[in-house]
Each structure stands twice: as C-alpha cells, then as structure tokens.
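Below is a short reviewer's note for a colleague who has not yet looked at this entry. Please read the numbered points with the sequence and the three-dimensional view side by side.

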Amino acid sequence: MSIREIIKLPGLIFISLLLVACGGDSGQSDDFVSIDNTQEVLDFYAANPELITFATIADLPTDLMWEDGLDQPEIGSPQATKGGTFYELLDDFPPTLRTVGPDSNSSSRGWISGYYGLTYASQHPDTNEFIPGIAESWAIDAAHKTVYIKINPAARWTDGEPITSDDALFSFFFYYSDHIQAPFSTNYYKTEFTNITRYDDYTFSMTVPKVKPDMTSRVLQVVPVPQHFYKELGEDFPERYQWRYQPHAGAYFIDADEINMGVNLVIERLQDWWAKDNKYYRYRFNTDRIVLNVVRDPAKRYEAFRRGDADIMRISTAEQWYDNLPDDDPDITAGYIHKNTFYNQGPRSNWGLWINSARRFLDNQDVRLGIQYAANWDLVIKNYFRGDPVRLKTQNDGYPEFSHPTLTARPFDINLAIEHFAKAGFVERGSDGILVNAQGDRLAFTLSTMYDRYTDVFTILKEEAIKSGLELRIEMMDGASGFRKALEKQHEIFFVSFAASNEMYPRMWEYFHSINAYDQAFLEDGSVNPDRKTKPQTNNLQSIASLEMDAMVDEYQDSDDKERMIELSHQILQLHHDYGSFSPGWVEPYYRTAYWRWVRWPEGFNYRYTIYPYEAFVHWIDEDMKQDTEAAQREDRTFPASIEVYDQYR
C-alpha cells in the first residue's frame, strides 16, 4: 500500500505493552519462545535457485551505464535550521507498529516510518526524476529486464546495523511468507520480480518479468527488509511483532521509552543519521522531535491547534477554511497563524461511493446506475465546499496519458435514476417516498463511513437521494470498525478515498480483478460460481468480477507496450464506468494549510508532486520566532498577515 492511502485507524484500549525501538533489545516478550529462522531462510534460498542467485562481483556485467541521480535540484532551503519540536495530531492511536499484516493499513502508518523512510531511490518531488536513497547508484539493462543496484556502504538501519545485499535477498523470503498475512504484498513480489542476484555485500540486481514503462521505479522504490530484525518471523508474526518497531533507513525513529499507549507517539531524529549530509537530505528532516498527540474529536483537534498545541492543521473542509478560520480571524490578521493554498499535480484522491456489488440488489447494474444518478455531488460541491473543488470523473484521475480522456461522472438526474430503478423492479413509492418492489423490499442501503468531518456531505446525499426514491442510511463508524467492515466486504456502500501514489499509471489488478473479489469467482466453463464467497482483506471493495475485465487487467499487468497499456487503461475505465459500482465524488487540485508562523517553509512553499504539506519534510521550526510570537500574543503585538496562494503548478 501506498503511504498516501487515506484510511482511518482503530482506537485502542489504554494498555501497557513492551515496544521495541531503535537501539533497544529484541523486545521479545516472555510470552514468545525464542526462535531463529536462519536455516529456514537458507532453505528457502536453496529451494528457489531461479529466484535467488548468488554470484560474484566478477560476474557483474562490465558494460552497464551507472546513474546516481545527482544532477537534480536540491530539495529544501539552505535557510532551514535543525532542532526544535514539531507538534502534530493523530485522530487515533495506531493499531500496530507493524508495517504489513493485519491492521497495518492505518492513517498513522506513514508516521511509523513511511513518511521519512528511504527506498533504494525515490522520485524528486518536483521533477519526478530518480534521486539516490539507500542506493548510491543504479543501472538499467532493459534487454535483460534487470535493474542493478549499488547500496551506499554508509547506509544504516536505524538501529545502527549496516544495510546490505543480504537484506535485499531476505525481502523475498519475507514477502513470500504466508506468516505476514499480507496477500497484496505477497502477490506483488511473486508477480513483479523473477530474480534477485547477489554480487557482493553492496551490489545486487533484480529482474522483472516485463520491461514495463515504469520498470525502473518498480525496483528502485521498494524497500529492503532487515534480516536481523525478523529472525523470529514465524506463524505468530502478527502477535510477536505487533509492537516491535522495525528499523528502517530514514532519519527518524520511535523511542520505546516515550510511547504513551493510546495517548501519543514521539519520533526522534537520529543525530548521526548516515544520510544527513547527502545532497537531497541535508535541508530536510529538520526538527529534532515530532510529537504526535491523539485527539479523537475533530472539534477538539481544531481547538488544540488554536491553542498552539499543534503547529499545523491540514484544512480538509470548506467550513474549516471559511468559517472556523476565516481570513479576518484575529489570529490571522495579527499574523500569528498563516494560511495558504498550494496547487499540486499528480494522481488524484478518489473520494466517492464504493458500491459492493456482491450485496443484495446491488448486484443489479440498474440499481447501481440509479444510485449514480441519485447522488447529487454537484450540490455537495456547491453548498458544502463553496464551489472550490471539481467533480471527480473516474476512479483514476490525474494520470496524464492513462486516465480516460473523455469520460465524465454521471450527473444528478432524478428521471434517469427512477428509470434505472424501475428496470430493477422498484416502481412504486411507499408512504415515505422510498421505492419498493413487488415483494415489498424497500430501495434502502447503508452508506458506511468513518469521516465524521463530512457529516453534512452525507446529509446532502441522503436528502437528495430521497427525491429519486432511494434511502441512504448513514452509518458513522470509528476508523477501526469502519475500514474492517469494508475489508471484510460486509458493507453495502462505503465512502472512502485511496490517495494514489505518484506513479506513471494506475493500479488496476487490486481494485478490479475478480481474484480480489471472490475466493473462486467463476467455474472452469466461465459461468458464475454459485458457491463463491467474497474475499476479505483486498482493495476490490466493489466486488467487481467480470471475465472481460479480468482479461483486460491481465493483459494490462503483463504488457510491456506503453501505448497498448494506455489503450487498455481507457478500456478498463470505460468498463468500470459502465459497471457503475463507483460514484465519483470530488477532487481538490490543491491542498490547504494553516500553521503557526514559527513553522517555516522554502520559497514557493512546497513541491509539485506533494499532496500534503510535510510530505517532503522541508519545513523547520524557528524556536526564536515561536518565543517571540508567544510573547507578542501576551503583549498584543502583531505581525503582517500571511494568506498565500501558490499556483505555480496550477
């Protein structure tokens, strides 16, 4: 899963658990018997000679063209200073410190390491070109579908252990293992890579099955797995590693001594971080500490920000921007709090209604299409968002060549909604105005969500749907139970958004292939399996199962022809549009931020492909300015107001 996935997280009971952090011991609880899987790892390597290859540096091709990515512009500001504490809020405590397996996909996952961890190489946030991370250089051999990587010998895990080619090899053992209970990650490794070859401690190569347009990124943007940390990987992985903090290559770590279970996380900067002086990192990751306090209630989170208990607030609603913190707010006019709008580019978040076509009546295409026409998103945009966002067109907008060039979302149309509902047998209206069929079944579905900040959005959708004879029962859930319900495919309609990674083309397999909808969707003759059961823990929340779609997705997955992939992408999105299981909501081609004036940013504020303000970690805390601001508040001194619009990437 991408670190950008917008998913709410579960709440936890206040309990005391032992947590392993950087520099600590193994953290093994007395409840777990010590194990060592070294021999199991070696046996896996021996049993898979085509997948795992051991060579020598003499076997390395001599005609490779090595790249180091050092020709890109630096990131951040030379004016940035190190030090200080950055305060941010969480809406709940993370359900686990694992980055894979059950309950690992939470909105706090990025703070566990994703936001600040390093891959072998990453894309520059302004140019999309690759810059070095764990790797110091890499080479592409397209003819042999292979990417060669040289690990920076200085690279270290956050516990001080060196990062080597052995960790790259171990990642295959790790992700091939059923113990981690991460089917998407396991499938990714099994289908996206065909070989890894070790040449020496710091040099290895990875081979892919197809020379796809993004072959380089598929290799360079994976993360090795620390073998020494997972020597106890076994059947009890979810429990054993539930509260162990995995070392990574990034600038920050979580200190076990400062975990306050259910209350806050404290993340500290490694003062001797191995990459702190490297070109693309020396002006980033500036604050010494990040304190993440849990405040579950949105109103209280806003109050905490206004008190200065949080340094920044990501503005997610028009009410927050226009009403709670208007331009004439005293703290804004006094210059204590700054506001800005930053226009960005890249794949878009897909807010909308995810309709589970495995549920009763929702398996009828006409019912799904009726819901499309009964959803008044234009009124939501006009009344709730004050007209600032635009209507999302499809589930996969923002991919320049791969997004569909002409598709648009269906408009609100009562007559067309009623027409489709009638085709599904819902003709008569009950005394409450809701349509019923001949058997007396009401046209009513539960819309589940965990985004209470959008309560007014759901009210608009509910009230407008009644005009078409549709009842939407709004079920507001906490993050844990809400997303668990969706992953277990127990929802009827689910409101959510998956924030897309900055990739060349959209992912289709995980959302649209029947293998992620049912255990066995079809029989050998191609007919629907009458005994099929929905498959939990996948992203096919719409339970889409179509042989035609499967064939397109399979070809899309296997193709190495960019032009053919573009054509297939358009066909898949057209078929998905026709299927009618996703009602596109809105998209904001910008993000809005409010922050206290002591939070400083580079000129231009941020970078083209960022989707939230601290994504690139280019901000810093000016402690002197913080003290001066707090004194100014006491003394009624003011500063120039700052309300900026950064539209250089609009």
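Which residue's side chain meets that of Asp388 in a salt bridge?

1. The partner is Arg592, whose side chain meets that of Asp388 at 3.0 Å, N to O, where a salt bridge is a side-chain nitrogen of Lys or Arg within 4 Å of a carboxyl oxygen of Asp or Glu. Because Asp388 lies in the loop between α11 (377-384) and β16 while Arg592 belongs to strand β24 (residues 590-596), the pair ties together parts that are 204 residues apart in sequence. The helices (H or I, at least four residues) and strands (E, at least two) named here are DSSP runs, numbered from the N terminus. Asp388 counts as partly exposed because its relative accessibility is 24%, whereas Arg592, at 13%, counts as buried; buried means under 20% relative accessible area, exposed over 50%, and partly exposed in between, with a 1.4 Å probe and protein chains only.

2. Before going further, please keep in mind that this is a predicted model, in which local features need pLDDT of at least 70 and side-chain atom pairs count only at pLDDT 80 or more, while totals for chains, interfaces and linings use all residues. Residues are numbered from 1 along each chain as its sequence is written, and side-chain values use heavy atoms, with hydrogens and water left out.

3. A search of the whole structure finds 33 salt bridges, and one of them joins the side chains of Arg289 and Glu268 at 3.6 Å, N to O. This pair links distant parts of the chain, with Arg289 in strand β12 (residues 289-294) and Glu268 in strand β11 (residues 264-269), 21 residues apart. Arg289 is partly exposed because its relative accessible area is 28%, whereas Glu268, with 17%, is buried.

4. Another salt bridge brings together the side chains of Asp432 and Arg442, at 2.6 Å, N to O. Asp432 sits in the loop between β17 (428-429) and β18 (435-436), and Arg442 in the loop between β18 and β19 (444-449), 10 residues away along the chain. Asp432 counts as partly exposed at 43% relative accessibility, and Arg442 likewise counts as partly exposed, at 34%. Elsewhere, Glu232, Asp236, Arg240 and Arg244 are linked in a network of salt bridges.

5. Which residues form a negative surface patch? They are Glu67, Asp68, Asp71, Glu129 and Glu136. Such patches are made of residues with over 30% relative accessible area and no salt bridge, with like charges joined within 9 Å and nonpolar side chains (Val, Leu, Ile, Met, Phe, Trp, Tyr) within 5 Å. Glu136 itself is placed in strand β6 (residues 135-141), and it counts as partly exposed because its relative accessibility is 36%.

6. His248 deserves a look for its polar contacts, a term that covers a pair of N or O atoms within 3.5 Å; within protein, one must be able to donate a hydrogen and the other to accept it, and residues adjacent in sequence count only if both atoms are side-chain atoms. The residue lies in the loop between α6 (237-240) and β10 (252-254), and at 6% relative accessibility His248 counts as buried. Its side chain is joined to that of Tyr245 by a polar contact of 2.9 Å, and a polar atom of the His248 side chain also lies 2.8 Å from the backbone oxygen of Tyr252.

7. Is Gln395 buried or exposed? Gln395 is buried, since its relative accessible area is 1%, and its place is in the loop between β16 (390-391) and α12 (414-423). There the side chain of Gln395 makes a polar contact of 2.9 Å with the side chain of Gln542.

8. Two backbone angles should also be checked. Most residues other than glycine have a negative phi; Lys489, however, has a positive phi of about 60° although it is not a glycine, and Asp636, also a residue other than glycine, has a positive phi near 60°. Lys489 is found in the loop between α14 (479-487) and β21 (493-496) and is buried, with a relative accessible area of 1%. Asp636 is found in the loop between α18 (623-635) and β27 (643-646), but counts as exposed, at 68% relative accessibility.

Note on methods:
Areas by Shrake-Rupley, 256 points an atom, 1.4 Å probe, with all protein chains shown as cover. Lys, Arg positive; Asp, Glu negative; His and termini not counted. Charge placed at Lys NZ, Arg CZ, Asp CG, Glu CD.
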